[in-house]
Amino acid sequence: MNYNIISLSDRPEMKDEMALWFHKKWGIPLSAYLESMDECLRGDGRVPQWYVAVEGERIIGGAGVIENDFHDRPDLTPNVCAVYVEEDKRGLGIAGEILNHICRDMKNRGIDTLYLLTDHTSFYERYSWEFFCPAQGDGEDEPSRMYIHRE
């Protein structure tokens, strides 16, 4: 399979397409993605950042890095968020490649510790993420799992 991982900061012309793709996958308002991506493109700080895996013209996966992924631990920042791979492309290591790309890119930006909130167990451990603590997601009844990755 031939795909590339693209950073929004390297391909600003993809902003609208990327925002719409993430919106359709997660149901977060399109305006929230556009606002975050505009902030990324202004380059005011190291976060937020957005990434997609592209096969030909098709986005097949993606993720972002934001300050807080809607949880009660603002001290655990920044957060990898919105990790998603299209169903027909799962099981091929794309999510791992996206995560590894993000970790390298963020390290190059001076950030060597990242957090990730999820309900998944055993998936992120494959990619050197470690369970860190429970954290309460906004509007969630039960705590989720907070993972940490250190470069």
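# Exercises on a predicted model

A search of the whole structure finds eleven aromatic pairs, and the structure searched is a predicted model.

## Exercise 1: Two ring pairs that share Y84

Task: Work out which kind of aromatic pair W21 and Y84 form, and why.

Solution. Begin with the distance, since the centres of the two rings lie 5.8 Å apart, and then take the angle between the planes, which is 75°. Planes over 60 degrees apart count as edge-to-face, so the pair of W21 and Y84 is edge-to-face. Next, place the two residues along the chain: W21 belongs to helix α1 (residues 15–26) and Y84 to strand β4, so that the pair links distant parts of the chain, 63 residues apart. Finally, both W21 and Y84 are buried.

Task: Find which parts of the chain the pair of W26 and Y84 ties together, and decide whether W26 is buried, partly exposed or exposed.

Solution. W26 and Y84 also form an edge-to-face pair, with 6.0 Å from centre to centre and 85° between the planes. W26 lies in helix α1 and Y84 in strand β4, so this pair ties together parts that are 58 residues apart in sequence. For the accessibility, recall that buried means under 20% relative accessible area and exposed over 50%, with partly exposed in between. The value for W26 is 41%, so W26 is partly exposed, whereas the value for Y84 is 16%, so Y84 counts as buried.

## Exercise 2: The wider surroundings of the rings

Task: State which residues the ring pairs link into a cluster, and then describe what sits over the ring of Y84.

Solution. The cluster linked by ring pairs is made up of W21, F22, W26, Y33, W50 and Y84. Over the ring of Y84 sits the charged end of R90, at 5.0 Å from the ring centre. Another member of the cluster, F22, is found in helix α1, and because its relative accessibility is 0%, F22 counts as buried. To relate F22 to a residue elsewhere in the sequence, take G61: the two are 39 residues apart in sequence, while their C-alpha atoms are 9.3 Å apart in space.

## Exercise 3: Strand β3 and its neighbours

Task: Determine how many bridges join β3 to strand β2 and how many join β3 to strand β4.

Solution. Start with β2 (residues 49–55), which runs antiparallel to β3 and is joined to it by seven bridges; one partnership to look for is that of V54 with I59 in β3. The two strands form a hairpin with two residues between them, and in the turn G56 has a positive phi of about 65°. Turn then to strand β4 (residues 79–85), which is joined to β3 by five bridges and is likewise antiparallel to it; here G62 has Y84 as its bridge partner in β4. As a last step, consider how covered β3 (residues 58–66) is: eight of its nine residues are buried, so the strand is mostly covered.

## Exercise 4: The largest pocket

Task: Identify which element gives the most residues to the lining of the largest pocket.

Solution. The largest pocket has a volume of about 1,100 Å³, and of the 41 residues that line it, W26, D69, A82, V83 and L117 are the closest to its centre. Two or more lining residues come from each of α2 (30–42), β4, α3 (94–108) and β5 (113–118), and β4 gives the most, with six residues. Sorted by class, the lining has 23 nonpolar, eight polar and ten charged residues.

## Exercise 5: Unusual backbone angles

Task: Locate the cis peptide bond that ends at P48, and the one that ends at P78.

Solution. One cis bond joins V47 and P48, with omega of about 10°, and P48 is in the loop between α2 and β2. The other runs from T77 to P78, with omega near -5°, and P78 is in the loop between β3 and β4.

Task: Decide whether A82 and S122 are buried or partly exposed.

Solution. A82, which is in strand β4, has a positive phi near 55° although the residue is not a glycine; its relative accessibility is 13%, so A82 counts as buried. S122, in the loop between β5 and β6 (130–135), also has a positive phi, near 75°, and at 48% relative accessibility S122 counts as partly exposed.

Definitions and conventions: Residues are numbered from 1 along each chain as its sequence is written. This is a predicted model: local features need pLDDT of at least 70, side-chain atom pairs count only at pLDDT 80 or more; totals for chains, interfaces and linings use all residues. Side-chain values use heavy atoms; hydrogens and water are left out. Buried means under 20% relative accessible area, exposed over 50%, partly exposed in between (1.4 Å probe, protein chains only). Helices (H or I, at least four residues) and strands (E, at least two) are DSSP runs, numbered from the N terminus. Two strands pair if DSSP finds at least two bridges between them. On a 1 Å grid over the protein atoms alone, a cavity is a set of points where a 1.4 Å probe fits but cannot get out, and a pocket is an open set with protein on both sides within 12 Å along at least five of seven lines; lining residues have an atom within 4 Å of a point. Grid points are joined across faces, edges and corners, and a volume is the space filled by probe spheres set on the points. Ala, Val, Leu, Ile, Met, Phe, Trp, Tyr, Cys and Pro count as nonpolar, Asp, Glu, Lys and Arg as charged, and the others, Gly among them, as polar. Rings of Phe, Tyr and Trp (its six-membered ring) pair if their centres lie within 6.5 Å; planes under 30 degrees apart count as stacked, over 60 as edge-to-face and the rest as tilted. A charge sits over a ring if NZ of Lys or CZ of Arg is within 6 Å of the ring centre and within 35 degrees of the ring normal.
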